[in-house]
Amino acid sequence: MTYSYDPGNVFARILRGEIPSRTVLETDHSLAFHDIAPQAPCHVLVIPKGAYVNADHFAAEASAEEIVDFTRAIGAVCRALGVAPGEGGDGYRLIANSGRDAVQEVPHYHVHILGGRPLSRMLPPMGG
Ligand code: AMP
């Protein structure tokens, strides 16, 4: 497997402090910040600090420590935003667009956390 990471992407620039972001949470290996064009009252992006292009790159090459940190960061953000059902929240959706068919715009792995309003079904039915 070969993955080519573009260090000029916008999330790499956020990680280097070259452009601002509205931080929600920072951990050893992860950063969460508000999406610049929110599609729901809660729309936060969680990214690993490491140079991973997408979900399969992260799964293949990230350390166990990074993967645990990232997974726990997502959970912590959901709780902090008040959307975690386990703590009385109304729920949320995680989206990780990876590659062309998924229309991934920023080539640094990220998970969208969306919530704060009822979300429509995931996708329209095939052929519908
Ligand atoms: P995706 O299509 O999954 O790659 O989504 C990329 C997301 O990054 C979009 O929801 C954008 O609104 C968001 N985005 C792009 N630039 C920034 C930025 N500078 N700060 C925060 N979010 C951004």
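Student: Which element gives the most to the shell around the ligand?
Tutor: In this predicted model, α1 gives the most, with three residues, where helices are DSSP runs of H or I with at least four residues, strands are E runs with at least two, and numbering starts from the N terminus. Both α1 (10-15) and β2 (30-34) supply at least two residues of that shell.

Student: And which residues come nearest to the ligand?
Tutor: Of the 16 residues around the ligand (each with a heavy atom within 4 Å of it), those that come nearest are Asp-35, Asn-97, Glu-105, His-110 and His-112.

Student: What is the shell like by class?
Tutor: The shell has nine nonpolar, five polar and two charged residues, with Asp, Glu, Lys and Arg counted as charged, Ala, Val, Leu, Ile, Met, Phe, Trp, Tyr, Cys and Pro as nonpolar, and the others, Gly among them, as polar.

Student: Which backbone atom lies 2.7 Å from a ligand oxygen?
Tutor: That is a backbone N or O atom of Glu-105, a polar contact (a pair of N or O atoms within 3.5 Å). A backbone N or O atom of Val-103 lies 3.1 Å from an oxygen atom of the ligand, while a polar backbone atom of Ile-36 is 3.1 Å from a ligand nitrogen.

Student: Switching topic, how do β1 and β2 run?
Tutor: Strand β1 (residues 23-26) and β2 run antiparallel, joined by three bridges (pairing takes at least two DSSP bridges). A hairpin of three residues links β1 to β2, and Thr-23 stands opposite Phe-33 in β2.

Student: What should I keep in mind about the model?
Tutor: Local features need pLDDT of at least 70 and side-chain atom pairs 80 or more, whereas totals for chains, interfaces and linings use all residues. Residues are numbered from 1 along each chain as its sequence is written, and side-chain values use heavy atoms, leaving out hydrogens and water.

Methods
Polar contact = N/O pair within 3.5 Å; in protein donor to acceptor, adjacent residues only side chain to side chain.
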